[in-house]
Amino acid sequence: VLSPLLMPLGLAGSRIAKQPWADRLSWVGLLMMGLFSSLFVMTLVRDALLLMLWLAHVAGLQLPLQALGVISAQAVPVLALLVTVLGFLNARRTPAVVRVDVPIKRLPLALHGFTVAQLSDIHIGPTIKRVWLQRIVSRVNSLGADMVAVTGDLVDGRVADLAGHIAPLADLRSRHGTYVVTGNHEYYSGAHAWVAELRRIGLTVLMNEHVVLHHGKPARTSMTPHGDPQDDSQIMAPLVLAGVTDYNAHHFDESHRSDPRAALDGAPQTAPVRLLLAHQPRSAAAASDAGFDLQLSG
């Protein structure tokens with residue numbers, strides 16, 4: 001009973017109280033939401049197991065149904081609380097780096113080993129703040145990536161409340177910079193203001209548009225010990241990096257309708273690789289039709 005009564009605080013804390021109480025109320029509501037979901041699922045599992053045991057008992061198998069009912073009733077809230085605590089601890093730790101190798105046909109030699117550090121669904125808001133994001137930024141910077149991609153749902157709140165907490169993103173370091181696309185939660189939080197703020201701190205927000213990254217080392221010729229010329233480095237290769245607005249952005253602003261094809265307008269036809277950043281995987285069909293080789297989503 002207590003959980004569903006308190007859960008709305010997770011979404012409405014900022015509307016019914018000022019800081020710091022708004023964040024504290026959100027913490028209570030969101031933790032209770034996690035506890036309630038575990039209680040609900042485990043109760044359903046318990047009921048299903050008890051039903052099967054009862055059917056077995058009716059069929060002639062002698063079982064201590066009353067004792068099993070009592071023990072399982074006591075176990076459900078204990079397990080639900082344990083799962084909630086473990087979930088909390090897991091959510092607060094610095095995310096692990098997951099390395100994924102993506103093979104792409106006809107990839108130029110200059111782009112072999114090109115690395116993208118992808119961040120997604122960080123949800124800076126009532127319970128996730130600057131200190132946690134700073135740890136992520138430090139982890140990313142230690143990777144020495146060629147570029148950083150932020151694929152949406154960065155924030156849960158207004159610029160006025162959270163601008164200081166997303167500031168560490170300005171410290172992200174990579175060879176080609178940091179590129180951002182909007183997710184649905186940016187539109188819940190005021191996408192126009194957030195796009196302006198992210199650009200203000202030096203990030204590149206791609207709104208159905210692209211940039212061309214030239215990667216590799218400029219070709220240079222040196223001489224062998226015998227006086228013969230030799231090419232001792234790889235040539236530069238272009239990579240088209242595009243980004244689209246969230247798949248449902250047009251419900252908030254028709255001019256923000258997600259369009260992978262429009263994101264390629266003016267892109268060089270000879271570019272060997274086209275990479276799309278899109279918050280929702282549902283953009284993949286349109287991205288494939290538009291001619292992208294790879295899509296990174298949240």
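Good morning. I should like to begin with a single residue, D121, which is partly exposed, with a relative accessible area of 30%. D121 sits in the loop that runs between β1 and α5. Its phi is near 55°, a positive value in a residue that is not glycine. As a rule, most residues other than glycine have a negative phi. Please bear in mind throughout that what we are looking at is a predicted model.

From that loop, let us turn to the elements on either side. Together with β2, the strand β1 and the helix α5 make a right-handed β-α-β unit. Strands β1 and β2, the latter covering residues 147–151, run parallel and are joined by 4 bridges. Within this pairing, A117 stands opposite V148 in β2.

How do the side chains along β1 alternate? A117 and L119 point to one face and are buried, while V116 and Q118 point to the other face and are not buried.

The unit belongs to an open sheet of 4 strands, in the order β1-β2-β3-β4, and the pairing is parallel. The edge strands are β1, residues 116–119, and β4, residues 204–205, each of which pairs on one side only. At the β4 end, strand β3, residues 178–181, runs parallel to β4 and is joined to it by 2 bridges. There, Y179 has T204 of β4 as its bridge partner.

One residue of β3 deserves a closer look, namely T178. Is T178 buried or exposed? Its relative accessibility is 7%, and T178 therefore counts as buried, the cut-off for that class being under 20%. Leaving out residues up to four places away in sequence, T178 touches V148, V150, L172, L203 and T204.

I now move to the helices, starting with α6, residues 159–166, in which V159, L162 and I166 are buried. Why do these residues line one face of the helix? Seen down the axis of α6, the buried residues fall within an arc of 95°, and so they line one face. In general terms, an α-helix has 3.6 residues a turn, so residues three or four places apart point the same way. The cover over the buried residues of α6 includes α5, residues 130–141, and α8, residues 191–200.

Helix α8 can be described in a similar manner. Its buried residues are A191, W194, V195, E197 and L198. They cover an arc of only 165° around the axis, which puts them on the same side of α8. Among the elements that cover the buried residues of α8 are α6, β3, α7 (184–188) and β4. After α8 comes G202, whose phi is positive, near 100°.

A residue in the loop between β2 and α6 is also of interest here: R158. With a relative accessibility of 53%, R158 counts as exposed, since that class begins over 50%. Which residues is R158 in contact with, once its neighbours within four places in sequence are left aside? They are S189 and W194. R158 and A193 are 35 residues apart in sequence, and their C-alpha atoms are 8.2 Å apart in space.

A further residue with a positive phi is N208, at about 55°, although N208 is not a glycine. N208 lies in the loop between β4 and β5, the latter being residues 209–215. Its relative accessibility is 16%, and N208 thus counts as buried.

Next, the largest pocket. The space in the largest pocket is about 1,100 Å³. Of the 35 residues that line it, the closest to its centre are V98, V100, V116, A117 and Q118. Which elements each supply at least two residues of the lining? They include β1 and α5, together with β9 (273–277) and β10 (294–296). Strand β1 therefore returns in this part of the account: it is an edge strand of the sheet, and β1 also supplies at least two lining residues of the largest pocket, with the cut-off for lining being an atom within 4 Å of a point of the pocket.

Finally, a residue from helix α2, residues 9–16: L11. L11 has a relative accessibility of 62% and so counts as exposed. Between L11 and M32 there are 12 Å in space, C-alpha to C-alpha, and the two residues are 21 apart in sequence.

Thank you for your attention.

Conventions: Residues are numbered from 1 along each chain as its sequence is written. This is a predicted model: local features need pLDDT of at least 70, side-chain atom pairs count only at pLDDT 80 or more; totals for chains, interfaces and linings use all residues. Side-chain values use heavy atoms; hydrogens and water are left out. Two strands pair if DSSP finds at least two bridges between them. Buried means under 20% relative accessible area, exposed over 50%, partly exposed in between (1.4 Å probe, protein chains only). The arc is that of the directions from the helix axis to the C-beta atoms. Contact means heavy atoms within 4.5 Å. A crossover is right-handed if, with the strands pointing away from the viewer, the path from the first strand over the helix to the second runs clockwise. On a 1 Å grid over the protein atoms alone, a cavity is a set of points where a 1.4 Å probe fits but cannot get out, and a pocket is an open set with protein on both sides within 12 Å along at least five of seven lines; lining residues have an atom within 4 Å of a point. Grid points are joined across faces, edges and corners, and a volume is the space filled by probe spheres set on the points.
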